[in-house]
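Welcome! Open your viewer, get comfortable, and follow along one selection at a time.

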Amino acid sequence: MIAKRLKKFDSSKIRMAFEVAEQISNPIDLSIGYPSNKTPLHIKAAGIDAIRGNHTRYTPTNGTTELRTAIAKKLARENHIKATSKSVTVVPGVTTGILLTYLALLDPGDEILVPDPYFPPYRDLAILLGAKPVLINTYPDFQLKATDLKARITRKTKAIVVNSPNNPTGAVYPEKELRAIAKLAKTRGLLVISDEIYEHFVNNGDHFSIGSIYPKTITLNGFSKAYSMTGWRVGYVHGPLEIIDAINELQQYTVFSSSSIGQRAAVAALKRKPSRITSEYRRKRDMARKTLSQAFEVHGCQGAYYAFVKLPAGTTDMEFVAKLRRLGVIIIPGSAFSKRNNYIRITYTAPNRTLAKGLSLICEVASPTRKLHHVRRPRQLISLSS
Ligand code: PLP
């Protein structure tokens, strides 16, 4: 009964983490990528005001003028991208933004370069559309290099996917390499699709937007991570007008419009910077890196809020994840994000006490004979909201 195209992709490993979390009472959940904080109060208030003020109808397909104008200003000010309210379209989250961008650009047989490990929709949605995701190996340091991309470009290549800071590896690509990737894309006439949802989660230095130097970039971003709004479902796509117009046409028949309430809340979000994120997450990252490095080699981990580590030889990710599940710890097997099956992804946004316990158990299972040092927990996060 179900269309054959669905057989082509497999979301079971991440779905499994959701299901396991529901079955275990009080799990140590280091699986799904929720930020630590709750949605800030002023954003919630804007959402409540939107309901009270009857802002509950469809909005224009590409989003309200107020939100698109605020996003365009933000992109110009913070990302140095030449944006206008017309070159932005509001979507119900970056995930939908990826689907719409792919639908607008990819014909069957087209190739798209995707760094491996990857956020699963980059690969699976291309397959769903009959396009070919060409996986670029970024192991072991998880850096995407222009030279590696160059070697895999063919006449069918249409676009390069860039995701920095990266999920699942936490890698941050240096500006120099992003400039080299932009140069390569320009020389070969390729589009760049840059997912910058973790732009505020860079532990050292500043985030660099490839769209600031290469106009054929489709920049994807949203409110889920920086403003702890994963459930509000608001994101946006910026890019060349022709592509944004095509995405709007597709939205007309699929999304119709993003949530009117979420959009009002997003306008309130953009009025303030998510200021304390970096220092708070750096402390958690430091704890994760210190603890994990007692049992694993840790690469990446420069941003976002994930650690992606290699398991001891002879252990598969599914076996390791099952062992931890028996101890009440939930993590995601690396093969949910990669061709390889000997890595695991750990999300380090949990409360500090929970995180410390989970990390110790992960290390003990990986290295049962080694005596682990106690890593002091950082101060508890200051709650930005209630
Ligand atoms: N892009 C990346 C790289 C992600 O890791 C995630 C969520 O984990 C998303 C996009 C999802 O964003 P949204 O909530 O806006 O759909």
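How many nonpolar, polar and charged residues does the shell around the ligand have? By class, there are 5 nonpolar, 5 polar and 3 charged residues. Here Ala, Val, Leu, Ile, Met, Phe, Trp, Tyr, Cys and Pro count as nonpolar, Asp, Glu, Lys and Arg as charged, and the others, Gly among them, as polar.

A word on what you are viewing: this is a predicted model, in which local features need pLDDT of at least 70 and side-chain atom pairs count only at pLDDT 80 or more, while totals for chains, interfaces and linings use all residues. Residues are numbered from 1 along each chain as its sequence is written, and side-chain values use heavy atoms, with hydrogens and water left out.

**Stop one: the ligand's neighbours.** Select the 13 residues around the ligand, meaning those with a heavy atom within 4 Å of it. Thr95, Asn167, Asp195, Tyr198 and Ser224 come nearest.

**Stop two: polar contacts.** These are pairs of N or O atoms within 3.5 Å. Start at aspartate 195, where a side-chain N or O atom is 2.6 Å from a nitrogen atom of the ligand. Next, click tyrosine 198: an N or O atom of its side chain lies 2.7 Å from a ligand oxygen. Then show the backbone of valine 94, which places an N or O atom 2.7 Å from an oxygen atom of the ligand. The protein buries 92% of the 400 Å² that the ligand exposes when taken alone (Shrake-Rupley method, 1.4 Å probe).

**Stop three: two cysteines.** Which cysteine sulfur is nearest to that of cysteine 301? Select cysteine 363, whose sulfur is 12 Å away. Neither pairing nor bond joins them: the whole structure has 0 disulfides (cysteine sulfur atoms within 2.5 Å). Cysteine 301 is buried, at 0% relative accessible area, where buried means under 20% with a 1.4 Å probe and protein chains only. Cysteine 363 is also buried, at 0%.

Definitions and conventions: Polar contact = N/O pair within 3.5 Å; in protein donor to acceptor, adjacent residues only side chain to side chain. Buried < 20%, exposed > 50% of the residue type's maximum accessible area, 1.4 Å probe, protein only.
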